[in-house]
Amino acid sequence: MAKAELTTVVEPKCKRLADQLGFELVDVCLDKEGAGKYLRIYIDKPEGISMDDCETYHRAIQPQLESYDYDFLEVSSPGIDRPLKKDRDFERALGSEIEVKLFKAMDGQKVITGILAGLENGDIVLDTPAGEKRIPRKAAALVKPVVDMEGIESVDLSE
């Protein structure tokens with residue numbers, strides 16, 4: 001079964017379980033890496049996902065996926081720099097600073113950063129210091145929030 005086929009087949013099962021457990025299914029990916037094929041499931045909830053949430057979901061979904069061709073199953077949070085893929089991701093990020101990495105340079109830039117003003121007619125609309133930029137959504141390789149690490153206290157792990 002091809003990569004796209006596998007994720008298309010397992011995604012409804014993953015979503016059904018996520019809904020039952022009160023989680024949001026963010027994404028399902030099949031990635032080929034050195035040691036094999038990794039089936040990665042990203043879940044979230046408004047207050048954030050804990051390790052216990054990931055373990056609960058993993059234990060519940062694994063038996064439902066045993067008949068599929070993958071080597072490793074990972075369940076995790078999408079993280080604070082969660083990529084914007086679906087319309088609802090963009091809606092949540094309205095008014096926030098985002099970074100758009102492009103497949104090909106546009107106006108000499110391969111990465112464009114700005115405040116997300118919306119999605120219009122298939123374009124990502126950004127307010128940038130240079131003015132409004134419209135980027136065709138299909139031209140974007142990766143769209144993610146800009147994470148401001150200033151003001152976050154560092155944790156001393158040396159103890």
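This is a short tour of the structure, stop by stop, with something to select at each one.

**Before you click**

You're looking at a predicted model, where local features need pLDDT of at least 70, side-chain atom pairs count only at pLDDT 80 or more, and totals for chains, interfaces and linings use all residues. Residues are numbered from 1 along each chain as its sequence is written, and side-chain values use heavy atoms, with hydrogens and water left out.

A word on labels: helices (H or I, at least four residues) and strands (E, at least two) are DSSP runs, numbered from the N terminus.

**Stop 1: the three-stranded sheet**

Select residues 24–33, 36–44 and 72–76, which are S1, S2 and S3. Together these three strands make an open sheet in the order S1-S2-S3, with mixed pairing. S1 and S3 are the edge strands, each pairing on one side only. On average, neighbouring strands here are turned by 15° against each other, direction ignored. (Axes are lines fitted to C-alpha atoms, for helices over the stretch in contact, and angles run from 0 to 180 degrees between N-to-C directions.)

Two strands count as paired if DSSP finds at least two bridges between them. S2 and S3 have five bridges, in the parallel sense. To see one, click Tyr38: its bridge partner in S3 is Phe72.

Now add residues 51–65, which is helix H2. H2 lies across S1, S2 and S3, and runs at about 145° to S3. Contact means heavy atoms within 4.5 Å.

**Stop 2: Lys45**

Stay close to this sheet and pick Lys45, in the loop between S2 and H2. Is Lys45 buried or exposed? Lys45 counts as buried because its relative accessibility is 19%; buried means under 20% relative accessible area, exposed over 50%, and partly exposed in between (1.4 Å probe, protein chains only). Leaving out residues up to four places away in sequence, Lys45 touches Gly22, Phe23 and Asp53.

**Stop 3: the five-stranded sheet**

Next, bring up the other sheet: five strands in the order S7-S6-S5-S4-S8, open and antiparallel. Its edge strands are S7 (131–136) and S8 (140–145), each pairing on one side only. Neighbouring strands of this sheet are turned by 40° against each other on average, direction ignored.

Zoom in on S4 (residues 97–106), which pairs with S8 in the antiparallel sense over five bridges. Ile98 is a good one to click, as it stands opposite Pro145 in S8.

**Stop 4: two loop residues**

Follow S4 into the loop that leads to S5 (109–120) and pick Asp107. Asp107 has a positive phi of about 55° although it is not a glycine. It counts as exposed because its relative accessibility is 64%.

Then select Asn121, in the loop between S5 and S6 (123–128). Phi of Asn121 is positive too, near 50°, and Asn121 is not a glycine either. At 82% relative accessibility, Asn121 counts as exposed.

**Stop 5: the largest pocket**

Last, select the lining of the largest pocket: Asp44, Gly79, Ile80, Arg82, Leu84, Asp89, Arg92, Ala93, Ser96, Glu97, Pro145 and Val146. On a 1 Å grid over the protein atoms alone, a pocket is an open set of points where a 1.4 Å probe fits, with protein on both sides within 12 Å along at least five of seven lines; lining residues have an atom within 4 Å of a point.

Which helix gives the largest share of the lining? Helix H3 (residues 87–93) does, with three residues.
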